[in-house]
Amino acid sequence: MTQPTDAPGPAKAAGEAPPMRPGRQLLAASVGNAVEWYDWLAYTFLATFIADEIFPASADDSLVPLLSTFAVFAVGFFMRPIGGLLLGAIADRRGRRAALTATILLMGGSSLLLALTPTYAAAGLLGPVVLVVARLLQGLSVGGEFAAATTFLVESAGPGRRGLFSSFQYVSTTVGQLIASGVTALLVARVDDAAMHQWGWRAAFVLGAVLSLVGFWIRRSSQETRSAEQQAAPRPKLFEALRTHPRESLLICGITTGATIAYYTWTSYLPTYAQVNVGFDKGDSLLIGTVSLAFFALLQPLGGMLSDRVGRKPLLLTFSVGFAVLCVPLLNSITDSFASLLLVQCAGMILLTGYTSVAAAVNAEVFPARVRASGIGFPYSATVALFGGTAPYMGTLFKELGRPGAFPWYVAALCLISALVYLKLPEGAKKPLER
């Protein structure tokens, strides 16, 4: 018997009546995802403190430690495709809930390891090595998180609500960033610079490890979204999605290319970009990041609901064309004025919503249920690693090379590439989700 469009799969245990309770499903996905992204992005906000403590300073160039810190940030991203593949396969083979509980425990452990990283002064090269290991484990976790949480959210949605449920992927991601930004801003404001270098930045990661346990406890009460037919069918092989759906895998890459560079530039790197390029005050830039992220979170459900009515493509094209045209003037208009950075960051958040509010739905609508999580996980995470994970490094590198004005053009070009992909993308909003 064919299930109703968008309806969740049968209940996991006998006597458990479908449909699933949407509030419980959203909470399980959102809380865990928020914790994951708090741990992941706290590193970016604390990059300047980590650089001073973990990497040796260069007598010739003060940007060398910061470049090294962002290089480690990028290294973590290159573990994400492996996480997307392995943990996505767990989600397809063992269930979405099993993968989600695994990712949150892995993130908590790696965050604690990062908090315990020894300084270069105390342990020499051991400090950078431990930092790299911690970021690799975090990359593994985050890569699996997107694949499993995306699939879990969209499969939990009722009829005509995939866009709305999809938007909570980035609502929760943004809440995690808000917590990371807020905690960092509070530490910078309340803890003197010497203490921040000594223990302040470590406290942020200890908090992340504790929050991961909370996320694990909440996720244990969620309901599996795989249908009874999926659970009874033979388990897919590790590379089955790539082998049997190469076109869909490439499509995920094209969908993600411009979005990921724009996303990480605006939500994570912009405070550092302003500090490095126009000498913006560190505390003010973090405060602006926090305010703009709160604004961004409020926009997501509105974008998701709109996509359920008008489709995904209009929002995607608004995002990509808007960034291709406006990215350069927006970034070039940043001055050391509080208002200028706030306006630039909020303007970018409005455009970004065209992608972020529908990303989970668009990705899930590309692949069949049997290989949905692993099919999304690997190509998405590989693209994010290549273009999103390198955004802070590329921006700082352009500055180091004496060409800071080239970075905005780089972002705009990648958004234009994605715009061409969106033009050819089939509209999936009104089609049944393959169960």
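## One side of helix α18

In helix α18, which covers residues 391-400, the buried residues are Ala391, Pro392, Gly395, Thr396 and Phe398. They span an arc of only 155° around the axis, and that places them on the same side of α18. A general rule helps here: an α-helix has 3.6 residues a turn, so residues three or four places apart point the same way. Keep in mind as you explore that this is a predicted model.

What happens just after α18? There, glycine 402 takes a positive phi of about 80°.

## Salt bridges between distant parts

How many salt bridges are there? The count comes to eight. One of them joins the side chains of glutamate 155 and arginine 372, with 2.9 Å from N to O. These two partners are 217 residues apart: glutamate 155 belongs to helix α7 (residues 126-155), while arginine 372 belongs to helix α17 (residues 372-388). Are the two partners buried or exposed? Glutamate 155 counts as buried, at 0% relative accessibility, and arginine 372 is buried with a value of 0% too.

Glutamate 365 is a good residue to look at next. Its side chain meets that of arginine 162 in a salt bridge of 2.9 Å, N to O. Glutamate 365 sits in the loop between α16 (359-364) and α17, and arginine 162 sits in helix α8, so this pair ties together parts that are 203 residues apart in sequence. Glutamate 365 counts as partly exposed, at 23% relative accessibility, whereas arginine 162 is buried at 1%.

Glutamate 365 also meets the side chain of arginine 312 in a salt bridge, this time at 2.8 Å from N to O. Arginine 312 is in the loop between α13 (282-310) and α14 (313-332), so its pairing with glutamate 365, in the loop between α16 and α17, ties together parts 53 residues apart in sequence. Arginine 312 is buried, with a relative accessible area of 2%. Elsewhere, salt bridges with shared partners connect Asp92, Arg96, Glu155 and Arg372 into one network.

## A threonine inside helix α8

Helix α8 runs over residues 162-190 and includes threonine 184. This threonine is buried, with a relative accessible area of 1%. Which backbone atom does the side chain of threonine 184 reach? The side chain of threonine 184 comes to 2.6 Å from the backbone oxygen of alanine 180.

## Cysteines without disulfides

How many disulfides does the model have? The count is zero. To count as a disulfide, two cysteine sulfur atoms must be within 2.5 Å of each other. For cysteine 327, the nearest cysteine sulfur is that of cysteine 415, 6.4 Å away, and cysteine 327 is in no disulfide. Cysteine 327 is buried, at 0% relative accessibility.

Why does cysteine 253 have no bond to cysteine 415? The closest cysteine sulfur to that of cysteine 253 is in cysteine 415, but at 16 Å this is too far for a bond. Cysteine 253 is partly exposed, with a relative accessible area of 24%.

## A nonpolar patch on the surface

Finally, take a look at the surface. Ile82, Leu86, Leu238 and Phe239 make up a nonpolar patch there, and together they have about 330 Å² of accessible area. Isoleucine 82 is found in helix α4, which spans residues 80-93. Is isoleucine 82 buried or partly exposed? With a relative accessible area of 38%, isoleucine 82 is partly exposed.

Conventions
Residues are numbered from 1 along each chain as its sequence is written. This is a predicted model: local features need pLDDT of at least 70, side-chain atom pairs count only at pLDDT 80 or more; totals for chains, interfaces and linings use all residues. Side-chain values use heavy atoms; hydrogens and water are left out. Patches are made of residues with over 30% relative accessible area and no salt bridge: like charges are joined within 9 Å, nonpolar side chains (Val, Leu, Ile, Met, Phe, Trp, Tyr) within 5 Å. Accessible areas come from the Shrake-Rupley method with a 1.4 Å probe; for residues, only the protein chains shown count as cover. A salt bridge is a side-chain nitrogen of Lys or Arg within 4 Å of a carboxyl oxygen of Asp or Glu. Helices (H or I, at least four residues) and strands (E, at least two) are DSSP runs, numbered from the N terminus. Buried means under 20% relative accessible area, exposed over 50%, partly exposed in between (1.4 Å probe, protein chains only). The arc is that of the directions from the helix axis to the C-beta atoms. A polar contact is a pair of N or O atoms within 3.5 Å; within protein, one must be able to donate a hydrogen and the other to accept it, and residues adjacent in sequence count only if both atoms are side-chain atoms.
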